Amino acid sequence: MLRIAIQNKGRLNEQSVDLLHELGIDVDSAKRKFLSKATNFPIEVLYLRDDDIPQVVANGTAALGIVGMNEVAERGCDVDVVTKLGFGGCRISLAIPKGDDYQGVEYFQGKRIATSYPAILENFLREQGVVAEIKVITGSVEIAPAAGIADAIFDIVSSGGTLVTNGLKEVERVFESEAVLIANKNLSAEERELLDELLFRIESERVSRGKKYLLMNIPTSSLDEAVKILPAMRSPTVMPLAAEGWCSLHSVVDATDLWEKVRQLKAIGAEGILVLTLDKIIP
Ligand code: PRT
Ligand code: ZN
């Protein structure tokens, strides 16, 4: 049995539950539950505040966790970061009142900076040789300058809208973050095997994302050119049609290239082009 800790509510909860579903794991996502077992995979989900997830994975209460890289770095817990998950993207930045002139990090010398991420900030200031006063605040860090509690803030930024609303401007992007899968450093053989199975499924999800399945009829005389247009995983699948001189061609393309490929294929005589949504590619 593999226990995975995910956020019980908040920004990463829904996408963490969605990810488990995409991996074919049926889990009861009722938010008030603390622990729930999947019905079709030996995994149980532990719902926690994100702040607690790195610690719970480090001490082995859960084998795995899904949490923002910012939390992993801030808590300094000894866990393996197994893979990035492609959601929950944000950065932790230094921001100052928008009217202030900014020439470089020396701006922060002797200033008071409000943050919920003191460890990451301290590390950055040390590297930069800046001495500042760090004010640890949980909650609405962005109001600290207007409230006169701090001169600047170090906080999570995503669209930047919160900074603008509070009359602040982003001046240093210090830490890039996204949701990551973390693992305890001493997994049992059974847990490791289950993790490998999950990673295999994550990889096939990643490969299939943004891909389309394309099939069409094409004159046999254009086949060589069509194969050049469609570099598939190994090579496109070609099947003869009952009609003399024609065949059916199947391939997988990136959604971003789709219309360009369609244009090129039509130009060499492709007809009856079908574009299908692709569920999974198993590498
Ligand atoms: O209750 P719990 O402790 O579990 O949740 P929480 O309130 O500590 O965290 P939560 O749910 O807000 O965020 C969870 C994780 O999502 C964070 O640790 C980040 O890894 C990630 N994430 C991604 C974000 C954002 N984007 C984000 N925009 N976390 C917070 N914000 C906040 C930020 O603090 C600021 O107030 O959104 C505001 C800025 O957003 P913009 O778009 O206006 O720039
Ligand atoms: Zn939190």
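Three short exercises follow on a predicted model.

**Exercise 1: the zinc site**

Find which residues coordinate the zinc ion (ligand 2), and decide whether its arrangement is tetrahedral or irregular.

Solution.
- Step 1. Look for the donors. D50 (OD) and D51 (OD) coordinate the zinc ion (ligand 2), at 2.0 to 2.1 Å.
- Step 2. Check the angles. The four donor atoms subtend 75 to 174°.
- Step 3. Apply the cut-off. Four donors count as tetrahedral if all angles lie between 85 and 135 degrees.
- Step 4. Conclude. The angles of 75 to 174° make the arrangement around the zinc ion irregular.

**Exercise 2: two aspartates**

Classify D50 and D51 as buried, partly exposed or exposed.

Solution.
- Step 1. Take the cut-off: buried means under 20% relative accessible area, exposed over 50%.
- Step 2. D50 has a relative accessible area of 19%, so D50 is buried.
- Step 3. D51 has 23%, so D51 is partly exposed.

**Exercise 3: the sheet**

Trace the five-strand open sheet and name its edge strands.

Solution.
- Step 1. Write the order: β8-β7-β9-β6-β10, with mixed pairing.
- Step 2. Find the edges. β8 (133-136) and β10 (168-177) each have a single partner strand, so one side of each lacks a neighbour in the sheet.
- Step 3. Add the twist. Neighbouring strands are turned by 25° against each other on average, direction ignored.
- Step 4. Inspect one pair. β6 (residues 90-97) and β9 (residues 152-157) run antiparallel, joined by five bridges. I92 stands opposite I156 in β9.
- Step 5. Place the helix. α4 (residues 118-128) packs on the sheet and touches β6, β7 (112-115), β8, β9 and β10. The direction of α4 makes about 170° with that of β8.

Technical notes. Residues numbered from 1 in each chain as written. Chains lettered and ligands numbered in written order. Predicted model: local features only at pLDDT ≥ 70, side-chain atom pairs only at ≥ 80, totals over all residues. Heavy atoms only, no water. Donors = N, O, S within 2.8 Å, 3.2 Å for Na, K, Ca; no water. Tetrahedral: all angles 85-135°; square planar, octahedral: opposite > 155°, others 65-115°. Buried < 20%, exposed > 50% of the residue type's maximum accessible area, 1.4 Å probe, protein only. Pairing = 2+ DSSP bridges. Helix = DSSP H or I, 4+ residues; strand = E, 2+ residues; numbered from the N terminus. Axes fitted to C-alpha atoms, helices over the stretch in contact; angles between N-to-C directions. Contact = heavy atoms within 4.5 Å.
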